[in-house]
Amino acid sequence: MTSTSDTDLTRDAFLGGKLHLWQPRRGYRAGVDPVLLAASVPAKAGQSVLDLGCGVGAAALCLAARVPGLRLLGVERQAGYAALAARNGLDVVTADLTGLPFAVREQSFDHVLANPPYFDRGAGHSAEDPGREGALGIDTPLADWVDVAARRLAHKGHLHMIHRVERVPDILAAAAGRLGSFQIWPLCPRAGKPAELVIFRARKSGRAEFRLHAPVILHQGAAHVADGDSYRPEIQSVLRDGAPLFD
């Protein structure tokens, strides 16, 4: 993403219009995933939240729309996206997560959010748009994402991550010995279909046993049969009303 002209941007509604975000017209555009991630976070007013790789700020700002009174900070290495996150109302630092400035490294947070790039470009093809490639093609190992999150978490703070199901072994390996109280929620497109994404939660100094939760089913019906919105009512409530994903 190289241009910040308003003609190259759209201002899109999230949470049924409760939140509007400037995004690039082309390139990576925030969709459902950061909204689901934000809805999974049991934050409380007065707590602090760090959004690693925040893009235009969708996850942190969706969380703030549900839970007022949070202290938010985003980190984004692509300057164009960081500028949009700031324009959208997020306090943001332009930096690579492996090279955080001292002002960030001296802070600790109750919650760290992460929606890392899903695809290993060593095993696939790069996107033509550099902003989209930077958001989807991973070149910073997952172990670094988990390491930075663990360092920035306060005692008993939580890491919340959404990622592809096939990367669960890598996430667990990276978190072992650094975090505890692991929980995983599989996200399935439809009943009877395998999970494609998971939400992963871990706690600093956590000692609870590992929990694999029942799948979260996103869509109604056994298959996609027509254009239009087919989300289950409880998922509709998350996406349109800003409801929490879990009780």
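The following questions and answers examine a predicted model of a protein chain.

Q: How many helices and strands does the chain have?
A: The chain has 247 residues, of which 52% count as buried. Its secondary structure comprises eight helices and 13 strands.

Q: What share of the contacts in the chain with a separation of 6 or more comes from residues 24 or more positions apart?
A: Contact here means heavy atoms within 4.5 Å. Among the contacts with a separation of 6 or more, the part due to residues 24 or more positions apart is 64%.

Q: How are helices H1 and H2 oriented to each other: parallel, perpendicular or oblique?
A: Helix H1 covers residues 32–39 and helix H2 covers residues 58–66; their axes are 8 Å apart and meet at an angle of about 45 degrees. Angles under 35 degrees count as roughly parallel and those from 65 to 115 as roughly perpendicular. The angle of about 45 degrees fits neither range, and H1 and H2 are therefore oblique.

Q: Which residues of H2 make the contact with H1?
A: H1 passes H2 in a right-handed crossing. On the H1 side, the contact is made by Pro-34, Val-35, Leu-37, Ala-38 and Ala-39. By class, the contact of H1 with H2 has nine nonpolar, no polar and one charged residues. On the H2 side, the residues are Ala-58, Ala-59, Cys-62, Leu-63 and Arg-66.

Q: Against which elements do the buried residues of H2 pack?
A: In H2, the residues Ala-58, Ala-59, Ala-60, Leu-61, Cys-62 and Leu-63 are buried. The buried residues of H2 pack against H1 and against the strands S1, S2, S3, S4 and S6.

Q: How are helices H6 and H7 oriented to each other: parallel, perpendicular or oblique?
A: The axes of H6 (residues 142–152) and H7 (residues 168–175) come within 9 Å and cross at roughly 40 degrees. An angle under 35 degrees would count as roughly parallel, and one from 65 to 115 as roughly perpendicular. The crossing at roughly 40 degrees lies in neither range, and H6 and H7 are therefore oblique.

Q: Which residues of H7 make the contact with H6?
A: H6 passes H7 in a right-handed crossing. From H6, the residues Leu-142, Ala-143 and Val-146 take part. The contact of H6 with H7 has six nonpolar, no polar and one charged residues. From H7, the residues are Asp-170, Ile-171, Ala-174 and Ala-175.

Q: How many disulfides does a search of the whole structure find?
A: Cys-54 has 7% relative accessibility and counts as buried, and Cys-188, at 6%, also counts as buried. A disulfide requires a pair of cysteine sulfur atoms within 2.5 Å. The number of disulfides found in the whole structure is zero.

Q: Is Asn-88 buried or exposed?
A: Asn-88 is found in the loop between helix H3 and strand S5. Leaving aside neighbours within four places in sequence, Asn-88 is in contact with His-20, Leu-21, Trp-22, Val-56 and Leu-61. Because its relative accessible area is 13%, Asn-88 is buried.

Q: Is Gly-69 buried or exposed?
A: Gly-69 lies in the loop between H2 and strand S4. Not counting residues up to four places away in sequence, Gly-69 touches Ala-45, Gly-46 and Gln-47. The C-alpha atoms of Gly-69 and Lys-44 are 8.0 Å apart, although 25 residues separate the two in sequence. At 54% relative accessibility, Gly-69 counts as exposed.

Q: What is the relative accessible area of Ala-103?
A: Ala-103 lies in helix H4. Its C-alpha atom is separated by 9.7 Å from that of Val-93, which is 10 residues away along the chain. Partly exposed lies between the cut-offs of 20% and 50%, and Ala-103 is partly exposed because its relative accessible area is 43%.

Q: What is the phi of Lys-156?
A: Lys-156 has its place in strand S9, and it is partly exposed, with a relative accessible area of 33%. Most residues other than glycine have a negative phi. Lys-156 is not a glycine, yet its phi is positive, at about 70 degrees.

Q: What is the phi of Ser-181?
A: Ser-181 is found in strand S10. At 14% relative accessibility, Ser-181 counts as buried. Although Ser-181 is not a glycine, its phi is positive, at about 55 degrees.

Definitions and conventions: Residues are numbered from 1 along each chain as its sequence is written. This is a predicted model: local features need pLDDT of at least 70, side-chain atom pairs count only at pLDDT 80 or more; totals for chains, interfaces and linings use all residues. Side-chain values use heavy atoms; hydrogens and water are left out. Axes are lines fitted to C-alpha atoms, for helices over the stretch in contact, and angles run from 0 to 180 degrees between N-to-C directions. Helices (H or I, at least four residues) and strands (E, at least two) are DSSP runs, numbered from the N terminus. Angles under 35 degrees count as roughly parallel, over 145 as roughly antiparallel, 65 to 115 as roughly perpendicular and the rest as oblique. A crossing is left-handed if the near helix is turned anticlockwise from the far one by less than a right angle, and right-handed if clockwise. Ala, Val, Leu, Ile, Met, Phe, Trp, Tyr, Cys and Pro count as nonpolar, Asp, Glu, Lys and Arg as charged, and the others, Gly among them, as polar. Buried means under 20% relative accessible area, exposed over 50%, partly exposed in between (1.4 Å probe, protein chains only).
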